[in-house]
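Visitor: I have a new model on my screen and would like to learn how to read it. Could you walk me through it, one feature at a time?

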Amino acid sequence: MEHRFANKVAIVTGAGQGIGKGVALRLAREGAAVVVADYNANTAGATSVEIETAGGQALPYVVNIANIEAVQRMVADVVAAYGRIDMLVNNAGVVQTKPMLDLAVEDWDRVIDVNQRGTFFCLQAVAQQMVRQLPDELRSGAALADVLTNQLSQPGGKEAGEPGLAASYGKIVNFSSIAGRHGRALSTPYAASKAAIISITQSAALALAPYRINVNAVCPGIVPTPMWTKIDQDRAELFGAKEGEAMAAFIQQVPLKRAATPEDLAGVVAFLCSADADYITGQAINVDGGFEMN
Ligand SMILES: NC(=O)c1ccc[n+]([C@@H]2O[C@H](COP(=O)([O-])OP(=O)(O)OC[C@H]3O[C@@H](n4cnc5c(N)ncnc54)[C@H](O)[C@@H]3O)[C@@H](O)[C@H]2O)c1
């Protein structure tokens with residue numbers, strides 16, 4: 001259990017703090033070499049040091065996921081360093097708290113550029129690499145269908161030494177949110193971007209199924225991270241409430257009556273990256289203490 005990701009390479013975006021940091025520490029603890037990707041060099045470095053101090057393997061990497069060329073460069077650099085990519089945790093994201101009627105074009109673009117475009121182009125660049133890594137016989141999706149049919153009709157028919165069919169050739173986990181399940185009057189672009197991530201997850205799961213690359217999403221509820229500290233401050237400013245009141249009000253509506261921890265999310269992400277989840281793709285899983293139930 002402790003080393004189920006031995007010899008695997010994972011990229012975790014936004015791993016400098018908050019949930020991404022928790023995910024990076026968890027995957028590293030289970031044996032993965034983790035690329036700690038963040039646009040904050042200091043926090044990316046600090047998470048990497050923490051992983052290495054605990055005996056894990058980490059590569060800090062500074063990237064703005066909204067910059068598609070930079071994302072493509074990251075994939076090339078990771079392949080140069082480790083030779084392959086087995087997992088992508090598409091966690092980096094930004095939020096904004098602003099009444100819908102006051103939103104400016106720049107507000108919209110900033111959130112959509114990072115959360116929606118950035119998440120998609122990270123997924124695409126890593127998936128292209130995962131396809132390049134496939135055994136020759138599987139590289140064309142059409143060929144895969146043939147190979148599968150052959151395998152089913154001729155069990156044991158392969159020559160010794162031929163590459164076997166793995167159940168999965170890559171795992172991608174995208175970060176949506178419970179805000180992707182319903183609209184939000186105070187974070188409209190954020191909710192739109194997180195709903196889009198559920199759709200992107202489903203499309204990518206379909207597109208990548210022939211290559212046996214699994215794509216799923218998680219929808220966290222309330223996780224006290226620097227992101228939530230900012231939400232709380234902004235809401236306090238907007239409504240004259242005390243800091244902490246917004247989070248407390250949300251938690252009251254959570255059936256399990258507590259906020260999530262980064263580790264709650266890290267456990268589910270690790271499961272989705274593991275062989276136990278080889279038959280799960282295209283799903284968006286609420287990790288929210290029961291706040292949403294569909
Ligand atoms: N905290 C919550 O309650 C909550 C709830 C639902 C969903 N989420 C989602 O979970 C993910 C992580 O949230 P968090 O609370 O840990 O956030 P956070 O703000 O604490 O951390 C986000 C990290 O992403 C990095 N980042 C932001 N924009 C980036 C960019 N363009 N390129 C590279 N790195 C970038 C930041 O530097 C930071 O290290 C986000 O996608 C968020 O939307 C969080």
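Guide: Gladly. First a term: helices and strands here are DSSP runs, numbered from the N terminus, with at least four residues for a helix and at least two for a strand. Keep in mind too that this is a predicted model.

Visitor: Let us start at the ligand, then. Which helices each supply at least two residues of the shell around the ligand?

Guide: Helix H1 (18-29), helix H4 (105-132) and helix H7 (226-239) do so. There are 31 residues around the ligand, and Gly14, Gly18, Gly93, Thr225 and Met227 come nearest.

Visitor: How many residues of the shell around the ligand are nonpolar, polar and charged?

Guide: The shell has 16 nonpolar residues, 14 polar ones and one charged residue.

Visitor: Now the sheet. What should I know about how strands pair?

Guide: The general idea is that strands of a sheet pair through backbone hydrogen bonds, and the pairing can be parallel or antiparallel. In this model, seven strands form an open sheet with parallel pairing, in the order E3-E2-E1-E4-E5-E6-E7.

Visitor: Which strands stand at the edges?

Guide: Strand E3 (57-62) and strand E7 (284-287) do; each has a single partner strand, so one side of each is left without a neighbour in the sheet. On average, and ignoring direction, neighbouring strands of this sheet are turned by 20 degrees against each other.

Visitor: Could we follow one strand and its partners?

Guide: Take strand E1 (residues 9-13). With strand E2 (residues 33-38), E1 pairs in the parallel sense over five bridges, and isoleucine 11 has valine 35 of E2 as its bridge partner. With strand E4 (residues 87-90), E1 also pairs in the parallel sense, over three bridges; there valine 12 has valine 89 of E4 as its bridge partner.

Visitor: And what comes after E4?

Guide: Four bridges join E4 to strand E5 (residues 170-175), and the two run parallel. Asparagine 90 stands opposite asparagine 174 in E5.

Visitor: Are the faces of these strands buried or exposed?

Guide: A residue counts as buried if 20 or more other C-beta atoms lie within 10 Å of its own. By that test, five of the five residues of E1 are buried: Val9, Ile11 and Thr13 on one side, Ala10 and Val12 on the other. In E4, Met87 and Val89 point one way and Leu88 and Asn90 the other way, and all are buried.

Visitor: Why does valine 35 count as buried?

Guide: Valine 35, in strand E2, has 30 C-beta neighbours inside 10 Å, so it counts as buried. Not counting residues up to four places away in sequence, valine 35 touches Ala10, Ile11, Val12, Leu59, Tyr61 and Val78. Tyrosine 61 is 26 residues away along the chain, yet its C-alpha atom is separated from that of valine 35 by 6.5 Å.

Visitor: What does a buried residue of a helix look like?

Guide: Try valine 126 in helix H4. Valine 126 has 23 C-beta neighbours inside 10 Å and so counts as buried. Leaving aside neighbours within four places in sequence, valine 126 is in contact with Ile11, Val75, Ile85, Leu88 and Ile172.

Visitor: How do I describe two helices that pack together?

Guide: Two packed helices are described by the angle between their axes and the distance between the axes. Here H7 and helix H8 (residues 245-252) pack at about 110 degrees, with axes 8 Å apart. That makes H7 roughly perpendicular to H8. From H7, Trp228, Ile231, Asp232, Arg235 and Ala236 make the contact, and from H8, Glu245, Ala246 and Met247. These residues divide into five nonpolar, no polar and three charged.

Visitor: One last feature: what should I look for in phi angles?

Guide: Most residues other than glycine have a negative phi. Arginine 212 has a positive one, near 55 degrees, in the loop between helix H6 (188-208) and strand E6 (213-220). Lysine 257 has a positive phi of about 55 degrees too, and lies in the loop between H8 and helix H9 (262-273).

Visitor: Which of these counts as buried, and which is exposed?

Guide: Arginine 212 counts as buried, with 20 C-beta neighbours inside 10 Å, whereas lysine 257 is exposed, with 10 other C-beta atoms within 10 Å.

Note on methods. Residues are numbered from 1 along each chain as its sequence is written. This is a predicted model: local features need pLDDT of at least 70, side-chain atom pairs count only at pLDDT 80 or more; totals for chains, interfaces and linings use all residues. A residue is near a molecule or strand if its C-beta atom, placed from the backbone, lies within 6 Å of it. Ala, Val, Leu, Ile, Met, Phe, Trp, Tyr, Cys and Pro count as nonpolar, Asp, Glu, Lys and Arg as charged, and the others, Gly among them, as polar. Axes are lines fitted to C-alpha atoms, for helices over the stretch in contact, and angles run from 0 to 180 degrees between N-to-C directions. Angles under 35 degrees count as roughly parallel, over 145 as roughly antiparallel, 65 to 115 as roughly perpendicular and the rest as oblique. Two residues are in contact if their C-beta atoms, placed from the backbone, lie within 7 Å. A residue is buried if 20 or more other C-beta atoms lie within 10 Å of its own, exposed if 12 or fewer, and partly exposed in between; C-beta atoms are placed from the backbone. Two strands pair if DSSP finds at least two bridges between them.
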